[in-house]
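Please open the structure in your viewer and keep the selection tool at hand, since each stop on this tour begins with something to select and then describes what is there.

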Amino acid sequence: MKDILLIKGQPGKRRLSGTLPVFGAKNAALPALASAILFKDEVVFDNVPYIHDIEQSIEIIKNLGGDTERESAHQWKIDATKIKTTALDVERSKHMRASIVFTGPLLARYGKVSFPHPGGCVLGERPVDMFMSAFEKMGAKISLNDEIYTVEVNSKKLKGAEIFLRVPSHTATETIMMAAVLAEGTTVIKNSAMEPEIANIADFLNSCGAQIDGAGTSTITITGGELLSAGKKVFHTIPDRIEAGSFLILAALAGENLSITNCNPKHLESLIDSLQHSKVPLQVDKNSITVKLARDFKTSDFKSASVKTHEYPGFPTDLQAPMAIFLTQVTGESNVFETIFEGRLNYADDLIKMGAKINVWNPHTMTVKGPSALKGRELDGPDIRAGLAYILAGIVARGRSVINNVHYVDRGYERIEERLKAVGVDIERISN
């Protein structure tokens, strides 16, 4: 059974009002759940979004032999003290790239892990060489047989090492950081990713006995030690800055008086700066951002703003596609530079078919000229973020749009149609 989303657009009308609360960060919750393997007792995780990728992570933990309990809508209790296997579920791992974060904790605690090349969204080349290089420097040996990697430490314990990341990947940073928590000696990760999700995890691990210094900066130092103990401490997932940014772009496109709540504006400074450059009026408070405009205000009165994606704190690659929808509606010419993933501009062809004036110059660069009158059509979402961008396009397009491959959107956004409908979007989910 495959779900589709039906959207009836109302172009040029600012009708969305109310509040859109932001849920927990997917990119913090996923590695946090994997970190339960580092503990000698059970761990409680709060503000966890109930999305497809979380469900898959829970199943991976169960398959390893861990016990899981959903205590409330957004809270899980994980007991990973009795792991029976260190082999990751092949099918689930193939379909979710974040599954690779389990390799660090498993290797750190048990000295062995096996897994397939991780899958996920089609975003161009996403190699695992940084993970393998780090594990080798920490004393592990790697083999590949029938498309399954096996990583093993002869001494049963990883050794501290100095590791330089070729690119500041947040997944690699989190995985290596967790592996180093139980290693012998000190590990230094240079050119590490600086996303707030990494600091969120490190702060919790430190409160439970880990020794991690510098998380959230470009150099992280980890002194290895013993198994961690949570006691009664609860991991609280920070707000999802990508979800918050996606909703903020929606507010700029069609909001009359729309507030994005339960967010941390400090994590969105690059997007806020770009929208303010376009003259979008934003009321930024401690935990919310509001767009308030007259109902007859036209988005075409906003001006163009070129964006260049960059690792945090730069403009997020995950907001590049939603931002492109905004740029189709403002006046002027904007350049979009995608520096993280090759293939992340593939959605542009569909927007052109909807009426967008876009020139794609190469896999990393395109020009958007606005304003463009978009027409509703049937679209196949290629990944999580482009799928959300298609929803935004349908909202501002004339006529009806049909969004297929909703399972991609469900991987990153919980109950998206219910939440958007609550603020005035004409959207419906149909199960075929």
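## Two helices side by side

In this predicted model, begin by selecting α8 and α10, which are roughly parallel to each other because their axes cross at roughly 10° and angles under 35 degrees count as roughly parallel. The axes of α8 (241-254) and α10 (residues 320-329) come within 9 Å. To see where the two helices touch, show the side chains of Ser246, Ile249, Ala252 and Leu253 on α8, together with Pro322, Met323, Ile325, Phe326 and Gln329 on α10. If you colour the residues of this contact by character, you will find 7 nonpolar and 2 polar residues, with no charged ones.

## From α10 to a sheet

Keep α10 selected and add β17, β18 and β20 (365-370), since α10 packs on their sheet and touches these strands, with a direction that makes about 30° with that of β20. The sheet is an open one of 4 strands, in the order β17-β18-β20-β19, and its pairing is mixed. Which strands stand at the edges of this sheet? They are β17 (307-308) and β19 (357-362), and each has a single partner strand, so one side of each is left without a neighbour in the sheet.

Now zoom in on β17 and β18 (residues 332-337), which run parallel and are joined by 2 bridges. For one bridge to look at, select lysine 308, whose partner in β18 is phenylalanine 337. As a general point, strands of a sheet pair through backbone hydrogen bonds, either parallel or antiparallel.

## A strand paired in both senses

Next, select β3 (residues 43-46) with β5 (residues 75-79), and you will see a pair that is antiparallel over 3 bridges, in which valine 43 has isoleucine 78 of β5 as its bridge partner. Then add β13 (residues 234-236), which pairs with β3 in the parallel sense, also over 3 bridges; here the residue to pick is valine 44, whose bridge partner in β13 is valine 234.

## The second largest pocket

For the last stop, turn to the second largest pocket, which has a volume of about 280 Å³. Of the 20 residues that line this pocket, select Pro11, Gly12, Thr299, Gln329 and Val396, which lie nearest its centre. Gln329 has already appeared on this tour, as one of the α10 residues in contact with α8. The helices α8 and α12 (384-396) each supply at least two residues of the pocket lining. Coloured by character, the lining divides into 9 nonpolar, 6 polar and 5 charged residues.

Conventions: Residues numbered from 1 in each chain as written. Predicted model: local features only at pLDDT ≥ 70, side-chain atom pairs only at ≥ 80, totals over all residues. Heavy atoms only, no water. 1 Å grid on protein atoms, 1.4 Å probe; cavity = no way out; pocket = protein on both sides within 12 Å on 5 of 7 lines; lining within 4 Å. Points joined across faces, edges and corners; volume = space filled by probe spheres on them. Nonpolar A, V, L, I, M, F, W, Y, C, P; charged D, E, K, R; others polar. Axes fitted to C-alpha atoms, helices over the stretch in contact; angles between N-to-C directions. Parallel < 35°, antiparallel > 145°, perpendicular 65-115°, else oblique. Contact = heavy atoms within 4.5 Å. Pairing = 2+ DSSP bridges.
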